[in-house]
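Me: Here are a sequence and a model that I would like to read slowly. Please take a close look at a single part, and then connect that part to whatever else in the chain helps to place it.

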Amino acid sequence: KAREAESGKPEVYLDVYENDRPELFLKATPARTVGPREAVGVRGDSEWDVPEPELGVVLHRGRAVGYTVGNDVSSRDIEGQNPLYLPQAKVYDRCCSFGPCVATPDTVGDPHDLRMSLTIEREGEVVYEDATSTGEMATTCETLVDYLTRHNTLPETVVLLTGTALVPPETYSLAEGDRISIDVERIGTLVNDTVVV
């Protein structure tokens, strides 16, 4: 629904969700990512920016070895103008964060049965709060990993973000100084402030 709301071409997204092949794209290189308590970035040329809380599957040599919390910060207005602008909406300085740890598969258990929550604070006041379950994912972790590794030489270690189900309303956009807290059951809470880049 959020993709339909942001895009002048919503049928492009509907086609993805109705097909077997998932949407996969490069989110960030290591130099563009930040860790816990570091500031994530929003683009200075964007008017509508949101965090996207996601489960991260940590791959080593193509095999899932653990899970983490990810924040796929996105410029929704840039992406909404044209789907081909996706790289500009997704890949820029400080566009992604991970943490607070990598939890083992034994610790996490079923990755498709985890509670996930998002809280955004502005000047100490909660401006957005919601929760969901990874059970709402449209595609399994195994399928995403399978498609990512097909005919594709990957770096030794990769974090695959699985997509979000928590999207703030159209009336909200990240501002410098906002604090984003993403909690995933059995993994932990990723906290980042926001800076304009």
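Reply: In this predicted model, the part to begin with is the loop between helix 6 (141–149) and strand 10 (157–161), where His 151 is found. His 151 has a positive phi of about 50° although it is not a glycine, and at 83% relative accessibility its place on the chain counts as exposed. Beside it in the sequence, Arg 150 lies over the face of Tyr 147, at 3.9 Å from the ring centre. That contact is between a charge and a ring; pairs of aromatic rings, by contrast, number zero in the structure.

The element at the far end of the loop, strand 10, leads to strand 4, with which it pairs in the antiparallel sense over five bridges. Within that pairing, Val 58 of strand 4 stands opposite Val 159 in strand 10. Strand 4 is mostly covered, since seven of its eight residues are buried. Strand 4 (53–60) is also joined to strand 5 (63–72), by eight bridges and again with the two strands running antiparallel; here the bridge partner of Val 57 is Tyr 67 in strand 5. The neighbouring residues Val 57 and Val 58 of strand 4 therefore have their bridge partners in two strands, Tyr 67 in strand 5 and Val 159 in strand 10.

Strand 4 and strand 5 form a hairpin with two residues between them, and the turn gives a useful parallel to the starting loop, as Arg 61 also has a positive phi, near 55°, in a residue other than glycine. Arg 61 is exposed, with a relative accessible area of 65%, and His 151 is exposed too, at 83%.

A third positive phi, this one in the turn of another hairpin, belongs to Arg 186, at about 65°, where strand 11 and strand 12 are linked with three residues between them. Those two strands pair in the antiparallel sense over six bridges, with Asp 183 standing opposite Thr 189 in strand 12. They belong to an open sheet of five strands in the order 2-12-11-8-9, with mixed pairing. Strand 2 (40–42) and strand 9 (125–133) stand at the edges, each with a single partner strand, so one side of each is left without a neighbour in the sheet. Neighbouring strands of this sheet are turned by 20° against each other on average, direction ignored.

The mixed character of the sheet can be followed strand by strand. Strand 2 and strand 12 (residues 188–196) pair in the parallel sense over three bridges, and one residue of strand 2, Gly 41, has Val 195 as its bridge partner in strand 12. Strand 8 (residues 115–122), however, runs antiparallel to strand 11 (residues 179–184), and six bridges join them; at one place in this pairing Glu 121 stands opposite Arg 179.

Another backbone feature lies earlier in the chain, where a cis peptide bond joins Gly 99 and Pro 100, with omega about 5°. The place of Pro 100 is in strand 7 (residues 96–103). Two cysteines deserve mention alongside it. Cys 96 is buried, with a relative accessible area of 1%, while Cys 101 is partly exposed, at 32%. The structure holds zero disulfides: Cys 96 is in none, as the nearest cysteine sulfur, that of Cys 95, is 5.8 Å away, where a disulfide needs the two sulfur atoms within 2.5 Å. The sulfur of Cys 101 is 16 Å from the closest cysteine sulfur, in Cys 96, and is therefore too far for a bond.

As for the wider setting, an unreviewed UniProt entry annotates residues 20–193 as "domain: Fumarylacetoacetase-like C-terminal", an annotation that may be inferred rather than shown by experiment. Over that span the end C-alpha atoms lie 36 Å apart, and the secondary structure is 14% helix and 40% strand. To return to the part you asked about, His 151 is best read as an exposed residue with a positive phi of about 50°, in the loop between helix 6 and strand 10, the latter being paired with strand 4, which is itself mostly covered.

Definitions and conventions:
Residues numbered from 1 in each chain as written. Predicted model: local features only at pLDDT ≥ 70, side-chain atom pairs only at ≥ 80, totals over all residues. Heavy atoms only, no water. Pairing = 2+ DSSP bridges. Helix = DSSP H or I, 4+ residues; strand = E, 2+ residues; numbered from the N terminus. Axes fitted to C-alpha atoms, helices over the stretch in contact; angles between N-to-C directions. Phe/Tyr/Trp six-rings, centres within 6.5 Å; stacked < 30°, edge-to-face > 60°. Lys NZ or Arg CZ within 6 Å of the ring centre and 35° of its normal. Buried < 20%, exposed > 50% of the residue type's maximum accessible area, 1.4 Å probe, protein only.
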